Amino acid sequence: MAQLVLDRLLAQFGGGEIIKTGSQHGNEWARIRPDAWTAVCTFLRDDPTLSMEMLTDLTCVDRFGDEPRFDVVVHLYSVSKKHRVRLYGGVPEENPLIDSLVPLWPGADWPEREAYDLYGVRFAGHPDLRRLLMYPEFIGHPLRKDYPKEKRQPLVRRQAGSLD
Amino acid sequence: MGIQDAADLDAPDLPTEPMPLNMGPSHPAMHGTVRMVLDVEGEKITNADVQIGYLHRCFEKEAEYATWTQIFPYTDRLNYVSPMLNNVGYAIAVEKLLDIDKKIPERAQYIRVIVGEISRITDHMTCLGAGAMELGAFTVFLYMLKGREWLYELQEEISGARLTHSFVRIGGVVGDLPAGYIDRLTEVLGKIRVILDDVSKLLDRNRIFRDRMDGIAIITKQEAMAYGLTGPVGRSTGLEYDVRRDHPYLVYDRFDFDVPVGSVGDNFDRYAVRVEEIKQSMSILEQALKQIPAGPVMLNDPRIALPSKAETYNSIEAMIAHFKIIMDGIHVPPGEVYSFTEGGNGELGFYLVSDGTGRPWKCRVRPPCVPAVAIMNKLLPGLFMADVVPTFGMMNMIGGECDR
């Protein structure tokens, strides 16, 4: 349904930034080299043919056992054009860092905080990167595949006078 | 007061000091457990930090250990005022991975639409009733919840549970409509129409209500897109996006319905859009009840559908099939899909990653109310303390959906 998006991407970025593209179950997807993350997303938003006005969702997938281990997954949508695309940006386990999309879509704020909270992936340029669902003293990143479901957390004593 | 600028009301001879203030997490107007750390000067908010997560129950982590079918009870507890919509959204996502989303029996699709639209109405009635009560309109709350309860009784009749339905299955729905259900639903819709009329008379031109709602927390259409707002909150800005219309699923392309949009993008528009959406949902229901064909309610595929109890207890083949589906789960081919439906609060997405086993590798929920709660950080500065309550009420944060 959104083959046009992939075609435009491949036409615009011919220097290997688009590692691979595909289509599955009605979704078009593209795997982006992480260093081209901001450039590709800016193009997707600003190109008049594509007009991806909305960042629908941003999350991570833990490909435990694969390299790179984490895929940052972004779903973009054009309200005016009615097409959408999924982007993958692979980040390594030892330094899971990718550019923040908050400057492009302010709605990326909380999804990026959640991905940081639950997977430990950091977003360079995020204005306020802190945990979203877990409390600040939480140790670890629970949605990682190597985080045991039954793992217990240390008790937290509240800091006197603290408001956060 | 109304649309007057908050700054006009400053009394220059009354000095105030900035003060941090916690609103929540346990606050009667917080619609669940959520905390807002507000910086206020007098009655005016200068900064807001909304903090969620108090109702986090590890939906996505638990889903990785459950079979595909076992996730249905978890979806009931996402948006718990419209559980059927969660059931439907999740089922369609898995069916896409199985490549059977176009093969679901037609009657099952109609039943999904019927129970889904009932859920949408209960969702909006809960939101409107609670929001009105928080502005003092207690009678509206009683009317709305009475209407909601009639619909809950119908959902209970069909699924056996008032809220925790788990009624939808991969491949169809659990069972058919009970005898006489269509007549009872038609009767209830007639009574709800009366309730909507009464609520309109009580609120639409109510001076207090209008002054508390008009011009408060305005969102522009561009902001709605930039922040990912969908559903009634997004549509209140004039953004005409509804998944049922723009990307039809099930049999929504066979119904004639409008997508209500607002013109100002304020709290009153969010109220008005929801009222109109209840009317559209009732129209869809009436059309569905007329059109629903006879036929099976479950895809007859032994890889997916449990054999009947009689077969299970009387033939070894059926017992083995039952055992495999229950203990090992439906084997979904490896693949990934982002599937989206119109939830009560907007686009409810499920991003599923399957590795070919009976359990998902990843089951991500795109919660429609998170963007609406997130944008509160931007809306609240400049408003009065008293504006937090109607603004938050009209965002319709459902803790189960927001925190997952």
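Two strands count as paired here if DSSP finds at least two bridges between them. Keep that in mind as you explore this predicted model.

**Stop one: a sheet in chain B**

Select residues B:N22 and B:V37. B:N22 stands opposite B:V37, which belongs to β2(B). Now widen the selection to the strands around this pair. β2 of chain B covers residues 35-41, and β1(B) runs antiparallel to it, with 6 bridges joining the two. Strands of a sheet pair through backbone hydrogen bonds, in either a parallel or an antiparallel way.

Next, bring in the rest of the sheet. It is an open sheet of 3 strands in chain B, ordered β1-β2-β3 and paired antiparallel. Which strands stand at the edges? They are β1 (18-23) and β3 (44-51) of chain B; each has a single partner strand, so one side of each has no neighbour in the sheet. Turn the view and follow the twist, which averages 20° from one strand to the next.

Now select residues 385-395 of chain B. This is helix α16, which packs on the sheet and touches β1, β2 and β3 of chain B. Its direction makes about 150° with that of β2(B).

**Stop two: chain A on its own**

Hide chain B for a moment and colour chain A by secondary structure. You should find 3 helices and 7 strands in chain A. Starting at the N terminus, the elements of chain A follow the order α-β-β-α-β-β-β-β-α-β. The C-alpha atoms of chain A fill a box of roughly 55 × 35 × 30 Å along the principal axes.

**Stop three: where the chains meet**

Show both chains again. How many residues does each chain bring to the contact? Chain A brings 41 residues and chain B brings 50 residues. About 3900 Å² is buried between chain A and chain B, and carbon and sulfur atoms give 54% of that area. Select A:H25, A:W110 and A:K149: in chain A, these lose the most area to chain B, together 19% of what that side buries.

For a close-up, pick A:R84 and B:E347. They form a salt bridge, with the closest N and O atoms 3.3 Å apart. Across the interface of chain A and chain B there are 9 salt bridges, and 26 residue pairs are in polar contact.

Finally, highlight β3 (54-62), β4 (70-77), β5 (84-91) and α3 (109-119) of chain A, the elements that each give two or more residues to the side touching chain B. Of these, β3(A) gives the most, with 9 residues. Colour that side of chain A by residue type, and you will see 21 nonpolar, 7 polar and 13 charged residues.

Terms used. Residues are numbered from 1 along each chain as its sequence is written. Chains are lettered from A and ligands numbered from 1 in the order in which they are written. This is a predicted model: local features need pLDDT of at least 70, side-chain atom pairs count only at pLDDT 80 or more; totals for chains, interfaces and linings use all residues. Side-chain values use heavy atoms; hydrogens and water are left out. Helices (H or I, at least four residues) and strands (E, at least two) are DSSP runs, numbered from the N terminus. Axes are lines fitted to C-alpha atoms, for helices over the stretch in contact, and angles run from 0 to 180 degrees between N-to-C directions. Contact means heavy atoms within 4.5 Å. Buried area is the accessible area (1.4 Å probe) that two parts lose on being put together, summed over both. A salt bridge is a side-chain nitrogen of Lys or Arg within 4 Å of a carboxyl oxygen of Asp or Glu. A polar contact is a pair of N or O atoms within 3.5 Å; within protein, one must be able to donate a hydrogen and the other to accept it, and residues adjacent in sequence count only if both atoms are side-chain atoms. Ala, Val, Leu, Ile, Met, Phe, Trp, Tyr, Cys and Pro count as nonpolar, Asp, Glu, Lys and Arg as charged, and the others, Gly among them, as polar.
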